[in-house]
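Please examine the sequence and the model shown here before reading the exchange.

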Amino acid sequence: MVLKTMVGFGRGLALVTLAVTNLVMLAVSAVVLVLCFGLGMIFLFPATVRMVRGRARQARQIAGAWSGVEIDAPYSPAPPPPQPQRDGWYREGRQLYRTSLVPSFNRTWNWMTKDPATWRDFAWLLAEPPVGGLLAASPLIMVGCGVVLVRVWQPVEVLAGVVLAIAGVLVAPRIARVHGLWTRLLLAPTKKARLANEVRHLTQVHTEAVDSQAAELRRIERDLHDGAQARLVAIGMTLGAAEELVDSDPTAAKALIAKVREASAASLIELRQLVRGIHPPVLAERGLGDAVRALALDSPLKVTVSVELPVRPEAPVESAAYFVITELLANASRHGDARNVAVDISHRRSALRVTVTDDGHGGADPSRGSGLRGIERRLSAFDGVLALNSPPGGPTVATVELPRAFPADAVRRSTLPVWKQRLLAVCWGLFWLPLFPQGLAAMFSKIFGSDVRSWFLALYLPEPFQWPVILGMIALGVAMVSFAVMTTKQMKEREGSCV
């Protein structure tokens, strides 16, 4: 508790410092805006917007790291760079330009000025020092005012100072989250921007899915044409030759028929491999866990598989996860020079999580490998993500998460009994009453001999019963807040472990 309080004060002080830096950035931005829209020096505008966006990006990262308030970037995607025509000139509207400098600037200008997130960043830059800075500094202000009141050394002032100092200490660990919520209020994408980004993402995913499906169909067609189809043609030709020789040379005809039998067996093996590449039978019959175990047996690596799934995922998600694991094992063998691989298949609520760890030399990079890019394209169709940690020298840890992988009726959220929910609400809502007014405040009033009884119930009782009642009130408040904190923590742990 002491460590959390000190961390809270430190983070509050850091947020106040950053709010002060916003004032400097705000002054620079104001001068640039005057020069841009007053004197026409618009070439300064993009650099200023990038500076403000960088500060806003830092604020989003701090909110996510310190308070767990995740804030998505609200900006529309940057326009593509202008492409030259066949004659080498660049067209922008009705104008032609020798270089791409002016067309590129015009696109950047329109992108920044027409994006509402740009002006929301400037609004946040203006509001952060007085609002965000004051929020972050509130624990320090409360404790400072409390110390000043205590030094007056009057009963009422001492009581108020102690209450203020205690309140500041209690608020300090939570001030980062409060500031994160304030940051999200201005820097999070609006509903319109979020909807536009989702539509853009779905369009991109649809295009990639269509391209991937077309590539897969071409691969299947090529495999059939070069493999099974060629063998079947050869089988037909061999059977024709055997048919001609069956009367004149039975021995040669038998030899050709034996070759036909061998060729048919090889064709059957190729067809089975092709079917396994489309959708393995073991995956359809026995599920993801047994399919990955069968894949591990065929792998040249030493693969250990750990599976913890309450039910089978949806069939399309299951197929995507299987082929992702197949590609990761192939990469570990071909490119990583790994010997041992661990595959862990688990769940987090309704999401399927796959972690593949190998002891290879590392250095995997999606931007340099088509296999990893293919995995990302396959996952994007299900809103899945690939997190890769592959430092040079290894090991490589690839974590794949596919949301909404399980049927809706398989998601079981733990709930408390009704009586416990009501008791939890009472404890959260009323713990302060016995702890502060009837406990701590009455205790300080008793210690300093104040004649003001106010509404302190214990002070209206006979002298022998006052201290037991005061201490009992403090114990009751502590018990209520402890029960509320522990029960809430248990609820979160159960929700995090259930599907």
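The exchange below concerns the model's confidence, its sheet, its core and its charged pairs.

Me: What is the average pLDDT of the chain?
Reply: This is a predicted model, in which local features need pLDDT of at least 70 and side-chain atom pairs count only at pLDDT 80 or more, while totals for chains, interfaces and linings use all residues. Residues are numbered from 1 along each chain as its sequence is written, and side-chain values use heavy atoms, with hydrogens and water left out. pLDDT is the predictor's confidence in each residue, from 0 to 100. A score of at least 70 is reached by 91% of the residues, and the chain average is 82.

Me: Over which residues does pLDDT stay under 50?
Reply: Where pLDDT is low, the predicted coordinates should not be read in detail. The model has 10 contacts beyond four places in sequence for the stretch concerned, contact meaning heavy atoms within 4.5 Å. The stretch is residues 411-415.

Me: In what order do the five strands of the open sheet stand?
Reply: Helices (H or I, at least four residues) and strands (E, at least two) are DSSP runs, numbered from the N terminus, and two strands pair if DSSP finds at least two bridges between them. The pairing in this sheet is mixed. Because β3 (302-307) and β6 (385-389) each have a single partner strand, they stand at the edges, with one side lacking a neighbour in the sheet. The order is β3-β4-β5-β7-β6.

Me: How many bridges join β4 to β5?
Reply: Strands of a sheet pair through backbone hydrogen bonds, either parallel or antiparallel. β4 (residues 340-348) and β5 (residues 351-358) run antiparallel, and the two form a hairpin with two residues between them. Along this pairing R348 stands opposite A351, and V343 has V356 as its bridge partner. The number of bridges is eight.

Me: Which residue of β7 stands opposite V354?
Reply: β5 also pairs with β7, in the antiparallel sense and over seven bridges. Six of the eight residues of β5 are buried, that is, under 20% relative accessible area, where exposed is over 50% and partly exposed lies in between (1.4 Å probe, protein chains only). Opposite V354 stands V400.

Me: At about what angle does helix α10 run to β3?
Reply: Helix α10 comprises residues 288-298 and lies across β3, β4 and β5. Axes are lines fitted to C-alpha atoms, for helices over the stretch in contact, and angles run from 0 to 180 degrees between N-to-C directions. On this basis α10 runs to β3 at about 170 degrees.

Me: Which element supplies the largest share of the largest nonpolar core?
Reply: A nonpolar core is a set of buried Ala, Val, Leu, Ile, Met, Phe, Trp, Tyr and Cys residues joined through side-chain atoms within 4.5 Å. The largest one has 33 residues, and L288, Y322, I325, V341, V343, I345 and L352 have the most contacts inside it. At least two residues each come from α10, α11 (315-334), β4, β5, α12 (370-380) and β7 (396-402). The largest share, nine residues, comes from α11.

Me: Is Q438 buried or exposed?
Reply: Q438 is found in helix α14 (residues 432-447). Beyond residues up to four places away in sequence, Q438 touches L433, W455, F456, L457, I470 and M473. Its relative accessible area is 6%, so Q438 is buried.

Me: Which residue completes the network of salt bridges with D290 and R293?
Reply: A salt bridge is a side-chain nitrogen of Lys or Arg within 4 Å of a carboxyl oxygen of Asp or Glu. D290 and R293 meet in one at 3.1 Å, N to O, and they are separated by about one helical turn because they lie three residues apart in helix α10. D290 is partly exposed at 24% relative accessible area, and R293 is partly exposed at 37%. The network that links D290 and R293 also includes R286.

Me: How far apart are the closest N and O atoms of E401 and R353?
Reply: This salt bridge links distant parts of the chain, with E401 in strand β7 and R353 in strand β5, 48 residues apart. E401 is partly exposed at 23% relative accessible area, and R353 is partly exposed at 29%. The closest N and O atoms of the pair are apart by 2.7 Å.
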